[in-house]
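Got your viewer open? Let's walk through this one stop by stop, selecting as we go.

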Amino acid sequence: MEITLKIKRFIAKKGKESFYQEYRLEADPNDRLLDALVFVQTHLDGSLGFRKSCAHGVCGSDAMIVNGTERLACKTLIKDLVGAAASAESRTITVEPLQNLPVMKDLIVDQTRFFENFRAVKPFFISDTLPAKGERTQSIEERAKYDDATKCILCAACYSSCPVIRGKNPDFIGPAAIVNAARFIFDGRDTGFKDRLPALDDPNGVWPCENHFNCTKVCPREIKVTKNINMSKKAITDFKENGSTL
Ligand code: SF4
Ligand code: FES
């Protein structure tokens, strides 16, 4: 079928204004949006900029806004975007860069702030003890406490969708950083809670979240993002009141 990609473009040396450019191309309904973008870049316009790497929903590189919603281009089928629309005009797919991060070129955003926030929560295993013997084992039940938070691929779709960052507080640390803190907060082997507290128990830490649930809706890994944020808030409160998070 013939489709039209309407892509929001930004080319710094052409000036500060972004503009929409349309490309018509043939696509199979079972093609992914990423296939269509690669076709445009390879055959129609080599100047189009976008990120991709794994092409299989693992690396998180190709998050973008598709018909108004954050999605991974490699996990989005053309048929799910255009349905049974009759003409190429009506089979138009609008593609825009993520929000809440500065656009560098076309669909490529500057992820510096996103990864600064991620690093601020010390998203790695911290322990003040050595394992007694061999590996630090844990039960299936203990592992289940943070399993959801292990699935994050750092695509920044949640960060883009957050109305708090867009409106009231652009310095809010954001959903992904909190999910990656939760990965370790609820791992009973980790003892780094106090090390993460300065970033989390801060006016720009967990507290600005207003439970809009946008992050949970757009997460391509179906992580219960808002739930992880609220669990982290409770862990901080419990820690301050009782000296324990669990
Ligand atoms: S929590 Fe979900 S939406 Fe946010 S960065 Fe991780 S995978 Fe992407
Ligand atoms: S290219 Fe890796 S997640 Fe889409």
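Before the first click, one term: a residue is called buried when its relative accessible area is under 20%. Keep in mind, too, that this is a predicted model.

**Stop 1: helix H7**

Select residues 175-185, which make up helix H7. How many of the residues of H7 are buried? The count is 11 of the 11, so the helix is largely enclosed by the rest of the structure. Click along it and you'll pass Pro175, Ala176, Ala177, Ile178, Val179, Asn180, Ala181, Ala182, Arg183, Phe184 and Ile185, buried residues one and all.

What covers them? Show helices H3 (112-120), H5 (157-161) and H6 (163-166), then add H8 (193-200), H9 (214-218) and H10 (225-242): the cover of the buried H7 residues includes these six elements.

**Stop 2: Asn117**

Stay with helix H3 and pick out Asn117, which is found there. Is Asn117 buried or exposed? Its relative accessible area is 9%, so Asn117 counts as buried. Leaving aside neighbours within four places in sequence, Asn117 is in contact with Tyr159, Phe172, Ile173 and Ala177. You've met Ala177 already, as one of the buried residues of H7.

**Stop 3: ligand 1**

Now select ligand 1 and show what surrounds it: 13 residues. The closest are Cys152, Cys155, Ala156, Cys158 and Cys219. Colour the shell by class and you get 12 nonpolar residues, one charged and no polar ones.

**Stop 4: the sheet**

Switch to cartoon view and find the five strands that form an open sheet with mixed pairing, in the order S2-S1-S5-S3-S4. Strand S2 (19-26) and S4 are the edge strands, each pairing on one side only. From one strand to the next, the twist averages 35°. Next, add helix H1 (residues 33-44), which packs on the sheet and touches S1 (2-9), S2, S3 and S5 (92-96). The direction of H1 makes about 95° with that of S2.

**Stop 5: the S3-S4 hairpin**

Zoom in on S3 (residues 63-66) and S4, which run antiparallel and are joined by four bridges. Ala63 stands opposite Leu72, while Ile65 has Glu70 as its bridge partner. Two residues sit between the strands of this hairpin, and Asn67 takes a positive phi near 45°.

Last click: S4 itself, residues 69-72. Which residues make up its covered face, and which the uncovered one? Glu70 and Leu72 are on the covered face, with Thr69 and Arg71 on the uncovered one.

Notes:
Residues are numbered from 1 along each chain as its sequence is written. Chains are lettered from A and ligands numbered from 1 in the order in which they are written. This is a predicted model: local features need pLDDT of at least 70, side-chain atom pairs count only at pLDDT 80 or more; totals for chains, interfaces and linings use all residues. Side-chain values use heavy atoms; hydrogens and water are left out. A residue is near a molecule or strand if one of its heavy atoms lies within 4 Å of it. Ala, Val, Leu, Ile, Met, Phe, Trp, Tyr, Cys and Pro count as nonpolar, Asp, Glu, Lys and Arg as charged, and the others, Gly among them, as polar. Buried means under 20% relative accessible area, exposed over 50%, partly exposed in between (1.4 Å probe, protein chains only). Contact means heavy atoms within 4.5 Å. Two strands pair if DSSP finds at least two bridges between them. Axes are lines fitted to C-alpha atoms, for helices over the stretch in contact, and angles run from 0 to 180 degrees between N-to-C directions.
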